Amino acid sequence: LLVSKDLGKHLLEVEDLLQKHGLLEADISAQTERVQALNAAALKFSELEGYQPCDPQIICNRVNHVQTCLEELEELAAKRRKELEDSRQLWTFFQEMEEAEAWIREKEKILASKTCGRDLSSVVTLTNKHKTMLGELGNRRALLHQTMKKGEKILAKKSLGPAGIQEKMREVCLRWKKLEEITGLHQQRLEDALNFFQFSAETDDLVAWLQDIYRIVSSDDFGHDDYSSQALLRKHRAVVEEVEKHRAAVLSLRKQLALLAPDHRQGVDVQIRVVEVEQLYGEVVEVAVLRTQWLQDALAVYRMFSEVHACEVWLDEKEQWLEKMEVPEELDEVEVVQHRFESLDQEMNSVMGRILDVNQVVQQLVDGGHPSSDEVRSCQDHLNSRWNRVVELVETKKSQLSSVLKIQNFLLEC
């Protein structure tokens, strides 16, 4: 049993042989105590005085022979245990290498079947799973490193005829290196896909924002009076500021596109998308400028209408006064009325300046192609005609006053 060359052909068989060898060692241990007791009893016969039933030398030789056989048996048992433990170490190495190969094959299949996702959510999910696999890869790398050290120790002993150990180590190392390369490539593809879908998502968000802003800046609501137009203009200026803040994001799209992987940045759809964003932004800016002008024109119109109304109120008042006024015949009363006309001249100079401003605003609106040009022009014509009417009345009354003054002065000279 102890000189057997059967060291097992796989790990389970070696474990079984070691278990059986343990029982054999226990049996040897038990026999050792028995042999020692028998030897001690036999040696007593070699020490007897007087009658000796056997030659003491024969007893001693027999005892030494039995002791030598026992020691040889113990040496064989120790040698057998070492060989079996070396065999277990060898088959443990091969089993660990097989487990490593099986794990590598499993991960190769997973990496071969994995896609990089169809949208940002799926890519993020796959990226998280890949990070988990990288953690497993690190743990497995440490285990493989330990197994390789075991193989190197086995090779250093050269006691089991380590055929195939070095070849197995080389084979697993190559497969592991290939796995790490595949893992690195897949990680790069995931990063490329993540960058692409993030770029696409940011572009889509920018497009959605620009479309909302376009609807806002293309509104045909310009207010219904001075106050509402001012409020709309303030809101619009805030929108214009936001549009200007997004200019950098739009301009950076091409730089971001250039940083994407070739497979992604060379796609026709993504290039068209960037052009669409740039064009949409340009349209938003253009329409925003127009709306600013339209709001300013609307505000100018409402302010012009307000100014016209104020002027017409003054004209109505003066026109009624002039029409009802009768030129007095008494000199004292004529002088009073004349003083009133001097004050009226000052007021008319002021109102005339306001009317000239109104005419200037109207001309600017008409030249700018304002949609309310006809209404504005009609309002201007009506104001100017009212002004001319008042001027004519004033001139008429002044002429009458002048005639009365001449007559009064003539009578005084007479």
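## A tour of the aromatic pairs, the cysteines and the largest pocket

Across the whole structure, a search turns up six aromatic pairs. Keep in mind that this is a predicted model. A pair of aromatic rings is described by the distance of the centres and the angle of the planes.

**Stop 1: the stacked tryptophans.** Select Trp-103 and Trp-176. Their rings form a stacked pair, with 5.9 Å centre to centre and 25° between the planes. The angle falls under 30 degrees, so the pair counts as stacked. Now colour by helix. Trp-103 sits in helix H2 (residues 56-113), and Trp-176 in helix H4 (residues 165-217). The pair links distant parts of the chain, 73 residues apart. Are these two rings buried or exposed? Trp-103 is buried, at 10% relative accessibility. Trp-176 is buried as well, with a relative accessible area of 8%.

**Stop 2: an edge-to-face pair.** Move to Phe-222 and Trp-294. Here the centres are again 5.9 Å apart, but the planes stand at 80°, an edge-to-face arrangement. Over 60 degrees is the cut-off for that label. Phe-222 belongs to the loop between H4 and helix H5 (226-245), while Trp-294 is in helix H9, so the pair ties together parts 72 residues apart in sequence. Show the surface next. Phe-222 counts as partly exposed because its relative accessibility is 21%. Trp-294 is also partly exposed, at 36%.

**Stop 3: a cluster.** Select Trp-91, Phe-93 and Phe-94. These three residues make up one aromatic cluster.

**Stop 4: the cysteines.** How many disulfides does the structure hold? It holds zero. To see why for one case, select Cys-311 and draw a distance to Cys-379. The closest cysteine sulfur to that of Cys-311 is in Cys-379, 9.8 Å away, which is too far for a bond. A disulfide would need the two sulfur atoms within 2.5 Å. Start from Cys-379 instead and the result is mutual: its closest cysteine sulfur is in Cys-311, at 9.8 Å. Cys-311 is buried, with a relative accessible area of 1%. Cys-379 is buried too, at 16%.

**Stop 5: the largest pocket.** Rolling a probe the size of a water molecule over the atoms shows where empty space is left. The largest pocket has a volume of about 310 Å³. Its lining consists of 16 residues. Which of them lie nearest its centre? Select Gln-296, Ala-300, Val-361, Gln-364 and Leu-365. Then display helix H9 (268-324) and helix H10 (331-367), the elements that give two or more residues to the lining. H9 gives the most, with nine residues. Recolour the lining by residue class: seven are nonpolar, four polar and five charged. Finally, colour by domain. Where does the pocket sit relative to domain 2 (193-297) and domain 3 (299-413)? Both domains give residues to the lining, so the pocket lies between them.

**Stop 6: a long span.** Select Arg-170, in helix H4. This is the helix that also carries Trp-176 from the first stop. At 48% relative accessibility, Arg-170 counts as partly exposed. Exposed would require over 50%. Now add Arg-237 and draw the distance between the two C-alpha atoms. They are separated by 71 Å, with the two positions 67 residues apart along the chain.

Note on methods. Residues are numbered from 1 along each chain as its sequence is written. This is a predicted model: local features need pLDDT of at least 70, side-chain atom pairs count only at pLDDT 80 or more; totals for chains, interfaces and linings use all residues. Side-chain values use heavy atoms; hydrogens and water are left out. On a 1 Å grid over the protein atoms alone, a cavity is a set of points where a 1.4 Å probe fits but cannot get out, and a pocket is an open set with protein on both sides within 12 Å along at least five of seven lines; lining residues have an atom within 4 Å of a point. Grid points are joined across faces, edges and corners, and a volume is the space filled by probe spheres set on the points. Helices (H or I, at least four residues) and strands (E, at least two) are DSSP runs, numbered from the N terminus. Ala, Val, Leu, Ile, Met, Phe, Trp, Tyr, Cys and Pro count as nonpolar, Asp, Glu, Lys and Arg as charged, and the others, Gly among them, as polar. Domain bounds come from an automatic or database domain assignment. Rings of Phe, Tyr and Trp (its six-membered ring) pair if their centres lie within 6.5 Å; planes under 30 degrees apart count as stacked, over 60 as edge-to-face and the rest as tilted. Buried means under 20% relative accessible area, exposed over 50%, partly exposed in between (1.4 Å probe, protein chains only).
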